[in-house]
Amino acid sequence: MTSLLEGARKLVTRGSDIGARLEGLESAVAAARGRLDDELVDDAAAVVTRATGRLRLSADHTVVAIAGATGSGKSSTFNALIGLDLAAVGVRRPTTSWATACVWGTDGADEVLDWLEIPPRHRVVRDSMLDVVRADRQLDGVVLLDLPDHDSTEVSHHLEVDRLVRLADIMVWVLDPQKYADAALHDRYLAPMAPHRDVMVVVLNHLDRVPPAGREQMLGDVRRLLDQDGLEGVPVFGVSAREREGIAELKKEIAGRVAAKKSTRTRIAADVRAAAERLDEATGRAEVSGLPPERVAALEDAFADAAGVPTVVDAVEQSTRVRANRATGWPVVSWLGRLRPDPLKRLHLDLGAAGKQLTGRARTSVPQPTEVQRARVDTEVRALADEVSTGLARPFATAVRRASTARLDDLGDGLDRAVGGTDLGAAQIPAWAGVVRAAQWLLVVAALGGAAWLAALAVMGYLQLPEPATPDWRGLPVPTLLLLGGVGLGVLLALGSRVLVRLTARRRARRADQRLRRAIHDVAQELVVGPVEDELGAYREVRDGLDRALR
């Protein structure tokens with residue numbers, strides 16, 4: 001069965017790009033969902049569903065629907081084409097909303113009839129009734145439908161007509177000489193079918209009731225009305241179903257279209273094009289490029305300002321100075337630096353991997369954005385959305401703006417997590433500062449040793465004890481040299497280290513700024529830039545799908 005259906009599908013699409021166009025429309029529908037009007041998208045989706053369903057069915061059968069108003073002779077035209085009076089074989093015109101179907105060729109026909117939702121009791125297989133006249137076989141492969149009256153007072157009849165008009169491969173409209181100009185017929189059915197004029201035939205029935213001298217004029221008037229409906233080129237046949245006049249020509253027209261095996265794909269192509277054109281009108285044809293880098297950069301700057309990045313960067317620099325000066329300063333007084341509060345600790349960002357420190361705690365202590373900073377964020381978000389949506393049709397421009405602000409309520413938490421989760425690289429003192437600290441303590445030990453030595457000598461002199469020989473270096477006693485050298489070099493080393501401390505603090509501040517801005521970049525991508533790019537991507541997908549569908 002699968003191979004049979006696939007074969008039928010290939011037969012229908014052979015020599016055409018129906019499959020690619022249908023896939024294009026399907027892609028456009030999926031991307032347009034939630035952005036364009038739901039009713040418009042639903043209609044296009046229904047076209048995809050109907051067309052896909054039809055392509056799965058037998059390509060050897062062509063669905064020909066005969067429609068008309070009450071009294072137009074639609075059913076008599078149906079019987080004339082069949083060549084039998086169905087009532088004579090026990091089949092009567094249903095009084096319900098169901099259509100009647102007559103089939104020439106049964107292989108695969110049941111699947112088509114099931115798809116059309118024609119009940120078994122309203123189906124007639126013409127093969128079993130064929131006589132020996134070969135001409136009767138010119139409609140082989142036809143599924144002929146006699147639809148309910150489109151002007152019936154029964155609502156169910158209207159619904160059935162509307163449904164089957166969308167499914168038929170060929171539409172035959174039967175007009176009555178007294179009602180062919182009916183505005184309801186033209187406005188509701190004929191004019192809207194203009195995109196499907198290649199699969200339409202119009203029949204003016206009851207021609208036997210029109211004086212011969214007036215027939216051509218009446219047919220010409222029908223032609224004029226059809227042209228006004230946008231149905232140029234649709235063939236018009238004058239017939240008398242009761243007298244069988246013109247039926248042969250009508251049957252030949254239908255048989256020719258069926259034999260060409262083009263009606264099904266022509267109808268599908270028309271459906272796809274009509275749906276794509278409606279979507280195309282609503283979508284517009286604006287050219288969309290990527291988000292301007294300078295606009296994204298301005299947005300990220302506004303986010304960074306609102307997140308307190310300058311405050312945190314300054315805290316990193318100050319904290320580095322405090323810790324490094326404490327490590328490299330003269331140990332005798334450097335302990336006083338512990339009395340100064342660490343800027344990062346005040347912000348609860350004193351760990352190198354701040355994200356670990358935030359575990360179990362909601363927020364950092366970075367100051368909340370001011371009204372001015374919030375206003376700047378709103379301005380930059382709006383400017384970004386407005387710039388990228390310029391030229392877009394209103395539904396997509398609205399979708400872009402909606403996407404740009406949809407998650408701004410999460411901005412505060414997102415920025416706080418970004419700052420709190422960034423490794424600021426300020427937890428450890430610089431390696432060189434550790435060397436300096438070790439050197440400072442060696443100098444302190446030397447100074448203390450010198451002081452102790454001198455103190456011992458002073459005590460021995462005071463007690464008038466014999467003093468040991470005191471070594472000297474270039475005339476300076478070693479104890480004095482140790483004391484003065486330890487203190488002096490320690491102070492000089494502390495002062496000299498301040499230059500390196502400033503350079504290191506600035507370097508760490510720059511590095512922290514870069515890391516914080518990368519984190520802010522991720523927040524901007526998640527909350528604003530990404531959603532906007534998704535909407536622009538959806539627009540491109542819609543446009544690409546429609547371009548393929550309208551190719």
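**Close-up views of a predicted model**

**View 1. Tyr-462 and a nonpolar surface patch.** Tyr-462 belongs to helix 19, which spans residues 431-462. The model shown in this and the other views is predicted. Tyr-462 has a relative accessible area of 70%, so this residue counts as exposed. With Val-459, Leu-463 and Leu-465, Tyr-462 forms a nonpolar patch on the surface. Together, the four residues offer about 450 Å² of accessible area.

**View 2. A positive surface patch with Arg-498.** Five arginines make up this patch: Arg-498, Arg-502, Arg-506, Arg-507 and Arg-510. Arg-498 sits in helix 20 (residues 478-549). Its relative accessible area is 43%, so Arg-498 is partly exposed.

**View 3. A negative surface patch with Asp-37.** Asp-37, Asp-38, Glu-39 and Asp-43 gather here on the surface. Asp-37 lies in the loop between helix 2 (18-32) and helix 3 (38-55). At a relative accessible area of 49%, Asp-37 is partly exposed.

**View 4. Strand 1 and its two parallel partners.** Strand 1 covers residues 62-68, and 7 of its 7 residues are buried, so the strand is largely enclosed by the rest of the structure. Side chains alternate between the two faces of the sheet in a regular strand. Here Thr-62, Val-64, Ile-66 and Gly-68 point one way. Val-63, Ala-65 and Ala-67 point the other way. Strand 1 runs parallel to strand 4, with 5 bridges between them. Ala-65 has Leu-145 of strand 4 as its bridge partner. Strand 5 (residues 170-175) also runs parallel to strand 1, again with 5 bridges. In that pairing, Gly-68 stands opposite Val-174.

**View 5. Strand 2 between antiparallel and parallel pairings.** Strand 2 (residues 100-103) has Thr-100 and Cys-102 pointing one way, Ala-101 and Val-103 the other. All four are buried. Strand 4 (residues 142-146) runs antiparallel to strand 2, and 4 bridges join the two. Thr-100 is the bridge partner of Asp-146 in strand 4. Strand 3 (residues 123-125) pairs with strand 2 in the parallel sense, over 3 bridges. There Ala-101 stands opposite Arg-123.

**View 6. Met-200 and Trp-173.** Met-200 is part of strand 6 (residues 200-204). Met-200 counts as buried because its relative accessibility is 0%. Its C-alpha atom lies 7.7 Å from that of Trp-173, with the two residues 27 apart along the chain.

**View 7. A salt bridge between distant parts of the chain.** The structure holds 34 salt bridges. In one, the side chains of Arg-35 and Glu-535 meet at 2.6 Å, N to O. Arg-35 lies in the loop between helix 2 and helix 3, Glu-535 in helix 20, and 500 residues separate them along the chain. Arg-35 is partly exposed, at 21% relative accessible area. Glu-535 has 13% and is buried.

**View 8. Salt bridges within helices.** Glu-160 and Arg-163 pair through their side chains at 3.1 Å, N to O. These residues are 3 apart in helix 6 (residues 155-167), so about one helical turn separates them. Both are buried. Arg-223 and Asp-227 form another salt bridge, at 3.3 Å, N to O. They stand 4 residues apart in helix 8 (residues 212-228), so their separation is about one helical turn. Arg-223 is partly exposed at 24% relative accessible area. Asp-227 is partly exposed at 31%.

**View 9. A salt-bridge network.** Salt bridges link Asp-280, Arg-285, Arg-543 and Asp-547 in a network.

Terms used
Residues are numbered from 1 along each chain as its sequence is written. This is a predicted model: local features need pLDDT of at least 70, side-chain atom pairs count only at pLDDT 80 or more; totals for chains, interfaces and linings use all residues. Side-chain values use heavy atoms; hydrogens and water are left out. Patches are made of residues with over 30% relative accessible area and no salt bridge: like charges are joined within 9 Å, nonpolar side chains (Val, Leu, Ile, Met, Phe, Trp, Tyr) within 5 Å. Accessible areas come from the Shrake-Rupley method with a 1.4 Å probe; for residues, only the protein chains shown count as cover. Lys and Arg count as positive and Asp and Glu as negative; His and the chain ends are not counted. The place of a charge is taken as NZ of Lys, CZ of Arg, CG of Asp or CD of Glu. Buried means under 20% relative accessible area, exposed over 50%, partly exposed in between (1.4 Å probe, protein chains only). Two strands pair if DSSP finds at least two bridges between them.
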